[in-house]
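User: Please take a close look at the sheet in this model. I would like to know how its strands are ordered and paired, and then how the parts around it are arranged.

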Amino acid sequence: MSPLTLQILLGLADGDATSAELIHKVHDDDRGYSVIRDRSFYAALARLGNEGKIECEIDGYRQIRYRLTPFGRRLLKAESERLKRVVTLLGGRL
């Protein structure tokens with residue numbers, strides 16, 4: 001899973017968000033470590049939607065709100081477990 005995909009899925013783990021809210025969540029979680037370009041971000045949202053990992057709807061204020069699908073949540077959980085194993089392996093070798 002790419003870092004941007006992980007950041008987006010993680011940003012939606014606590015609930016739905018507009019793209020602006022999601023960019024802020026990703027930036028806050030990332031603590032400014034990486035620079036997210038608009039083109040990459042919106043392309044990733046479209047790809048994740050096409051892959052069935054997130055879904056969107058237009059709310060009463062005509063804003064697009066994104067949310068994790070059950071499939072996206074399962075993938076995020078699996079990636080979390082994989083990363084825990086990597087950290088455990090690294091801890092034993094460093």
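Analyst: The protein chain has 4 helices and 3 strands in this predicted model. Along the sequence these elements follow the pattern α-β-α-α-β-β-α. The C-alpha trace spans about 50 × 30 × 20 Å along its principal axes.

The sheet is open, and its 3 strands are arranged in the order S1-S3-S2 with antiparallel pairing. Strand S1 (17-18) and strand S2 are at the edges and have a single partner strand each, so one side of each lacks a neighbour in the sheet.

The pairing of S2 with S3 can be followed residue by residue. Strand S2 covers residues 54-58 and strand S3 covers residues 64-68; they run antiparallel and are joined by 5 bridges. Ile 54 in S2 is placed opposite Leu 68 in S3. Further along, Cys 56 has Tyr 66 of S3 as its bridge partner, and Ile 58 is bridged to Ile 64 of S3. As a general point, side chains in a regular strand alternate between the two faces of the sheet. S2 and S3 also make up a hairpin, with 5 residues between the two strands. In the turn of this hairpin, Arg 62 has a positive phi of about 60°.

On the other side of the pairing scheme, S1 is joined to S3 by 2 bridges, and these strands also run antiparallel. Thr 18 has Arg 65 in S3 as its bridge partner.

Now the helices. H1 packs against helix H3 (residues 38-50) at an angle of about 70°, and the axes of the pair are 10 Å apart. That angle makes H1 roughly perpendicular to H3. By class, the contact between H1 and H3 has 7 nonpolar, 2 polar and 1 charged residues. From H1 the contact takes in Leu 4, Thr 5, Ile 8 and Leu 9. Across from them, H3 contributes Ser 40, Phe 41, Ala 44, Leu 45, Arg 47 and Leu 48.

H1 also takes part in the largest pocket, whose volume is about 160 Å³. The elements giving two or more residues to the lining of this pocket are helix H1 (3-11), helix H2 (19-30) and helix H4 (70-93). The lining consists of Leu 6, Gln 7, Leu 10, Val 26, Asp 29, Asp 30, Leu 76, Glu 79, Ser 80 and Leu 83. H4 supplies the largest share of the lining, with 4 residues. By class, the lining has 5 nonpolar, 2 polar and 3 charged residues.

To return to the sheet: the order S1-S3-S2 goes with 5 bridges between S2 and S3 and 2 bridges between S1 and S3.

Key: Residues are numbered from 1 along each chain as its sequence is written. This is a predicted model: local features need pLDDT of at least 70, side-chain atom pairs count only at pLDDT 80 or more; totals for chains, interfaces and linings use all residues. Side-chain values use heavy atoms; hydrogens and water are left out. Two strands pair if DSSP finds at least two bridges between them. On a 1 Å grid over the protein atoms alone, a cavity is a set of points where a 1.4 Å probe fits but cannot get out, and a pocket is an open set with protein on both sides within 12 Å along at least five of seven lines; lining residues have an atom within 4 Å of a point. Grid points are joined across faces, edges and corners, and a volume is the space filled by probe spheres set on the points. Ala, Val, Leu, Ile, Met, Phe, Trp, Tyr, Cys and Pro count as nonpolar, Asp, Glu, Lys and Arg as charged, and the others, Gly among them, as polar. Axes are lines fitted to C-alpha atoms, for helices over the stretch in contact, and angles run from 0 to 180 degrees between N-to-C directions. Angles under 35 degrees count as roughly parallel, over 145 as roughly antiparallel, 65 to 115 as roughly perpendicular and the rest as oblique. Contact means heavy atoms within 4.5 Å.
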